[in-house]
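Biologist: Could you take me through one part of this structure in close detail, starting with a helix and the sheet beside it, and then going on to what lies in the interior? I am new to this, so please go step by step.

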Amino acid sequence: MKPEENVPLAKHTTLGTGGPARWLGRPESLPELEEMLRWAREHETQVYVVGLGSNMLAADDGVDGLVLRLAGDLATVGVDGDTIRAGGGAANAVCLHRAREAGLGGFEFACAIPGTTGGGVWMNAGAYGGEFAQVLEKARVVTADGAGWLTPTELGLTYRHSSLRHGQVVAEVELRLRPRAPQEIKEEVAALNARRKEAQPTNKRTFGSVFKNPDHELTAGRMLEACGLRGFRIGGAQISPKHANFIENADGATTADALALMAEARRRAREQYGADLRHEVEFLGAIDLPE
Ligand SMILES: Cc1cc2nc3c(=O)[nH]c(=O)nc-3n(C[C@H](O)[C@H](O)[C@H](O)COP(=O)(O)OP(=O)(O)OC[C@H]3O[C@@H](n4cnc5c(N)ncnc54)[C@H](O)[C@@H]3O)c2cc1C
């Protein structure tokens, strides 16, 4: 199965920026995924994965490699006792929905994280005191050399970080949950969503938090707000007027616009607070964020 050539990544990122992927493959099963990984090795091509692109900045001049988007069997969700078994391309929202139907709690924290389980593992995504590391039993990680199941410890999950590297594909996950009444889950999700709506931009094109929280009494958002950056705009990208640790695609933004905002934010945080802000968003392609 041959991947498609020159597919614009702007369609595959929530910010809506990014040039073409040299190759884009949509494997629908484990054998298809393994075949594509072998194809990439034969063509000496680097492999990347895009989930929902909700934590991703892709280079404007594109990505020279094979970008995979998991589909079919690799994006399904099933329930087995107190375990959710999901493909790496399955949306968190679908997992949460299935968990609620089955009366399984513990994944409510993911209600406002608009990604896939694979992206969640890669990022150890989390919110409101919960994170993937707490519910993940194991993840099936596939490379051109084969597949194996890894535990959270083996995946090196820490704050918004895993030790996974490009070329390692999270094809499947098992989330171990616990019995909870569907109504309670529904109420908690509604309360978390209301909190989210009050504090963050929810109907804009963004990629979630730009920077990790620094080792400082101020969060990244509060620090950038104090630096006067709310609403600050470069080209088509602007720092959210609602929450300064979000960048919005206000009007035809490019990745370069977003990067220029990030560089300015880093400069001001360093100047005013001596803080070294590290980006949480993942880069795809040749992207250079000035120090
Ligand atoms: C409005 C909004 C709110 C958000 N709120 C939160 C929040 O509260 N907490 C939080 O942690 N994040 C948040 N995010 C960021 C983002 O949703 C999470 O990081 C999410 O886990 C990313 O998942 P994704 O599938 O979109 O991954 P992508 O953005 O597509 O990719 C992120 C990284 O994971 C890798 N990856 C993706 N899938 C796989 C796979 N199957 N195998 C191997 N690697 C893979 C990619 O290569 C990339 O390096 C938010 C984003 C938005 C837009």
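Modeller: In this predicted model, helix α1, residues 30-42, lies across the strands β2, β3 and β5, and it runs at about 165° to β5, which covers residues 63-68. These strands belong to an open sheet of four, in the order β1-β2-β5-β3, with mixed pairing. At its edges are β1 (4-8) and β3 (47-49), each of which pairs on one side only, and the twist from one strand to the next averages 45°. β1 and β2, the latter made of residues 20-25, run antiparallel and are joined by four bridges; in one place along β2, P20 is the bridge partner of P8.

From the sheet we can turn to the interior, where the largest nonpolar core has 34 residues, and where F107 and L175 have the most contacts inside that core. Several elements give two or more residues to this core, including β7 (83-87), α2 (92-101), α3 (117-123), β11 (136-143), β13 (169-176) and α6 (182-199). Apart from this core lies another, of 28 residues, with F211, A220, F283 and L289 among them. If we leave aside neighbours within four places in sequence, F107 is in contact with N92, C95, L96, F132, V135, L175 and L177.

One of the strands just named, β13, deserves a closer look, because six of its eight residues are buried and the strand is therefore largely enclosed by the rest of the structure. β13 pairs with β7 in the antiparallel sense over five bridges, and within that pairing E172 in β13 is the bridge partner of G87. β11 and β13 also run antiparallel, joined by six bridges, and here the partner of K138 is E174 in β13.

Two further residues repay attention. E108 is found in the loop between β8 (104-105) and α3, and E108 counts as buried because its relative accessible area is 3%, under the 20% cut-off. A polar atom of the E108 side chain lies 2.6 Å from the backbone nitrogen of G106. Not counting residues up to four places away in sequence, E108 touches L96, R180, I185, E188, V189 and L192. G120, by contrast, lies in helix α3, and G120 is buried too, with a relative accessible area of 2%. Beyond four places in sequence, G120 is in contact with A125 and F132, while its C-alpha atom is separated by 29 Å from that of L229, a residue 109 places away along the chain.

Finally, helix α8 allows a small check of its length. Its 19 residues, 255-273, should span 27 Å at 1.5 Å a residue, and the end C-alpha atoms are 26 Å apart, so the two values agree. The buried residues of α8 include T255, D257, A258, L259, L261 and M262, and also E264, A265, R266, R268 and A269. Among the elements that cover these buried residues are β4 (56-58), α7 (220-226), β15 (233-234), β16 (237-239), β17 (247-249) and β18 (282-284). Just after α8, G274 takes a positive phi of about 65°.

Notes
Residues numbered from 1 in each chain as written. Predicted model: local features only at pLDDT ≥ 70, side-chain atom pairs only at ≥ 80, totals over all residues. Heavy atoms only, no water. Core = buried A, V, L, I, M, F, W, Y, C linked by side-chain atoms within 4.5 Å. Buried < 20%, exposed > 50% of the residue type's maximum accessible area, 1.4 Å probe, protein only. Contact = heavy atoms within 4.5 Å. Expected span 1.5 Å × (residues − 1). Pairing = 2+ DSSP bridges. Axes fitted to C-alpha atoms, helices over the stretch in contact; angles between N-to-C directions. Polar contact = N/O pair within 3.5 Å; in protein donor to acceptor, adjacent residues only side chain to side chain.
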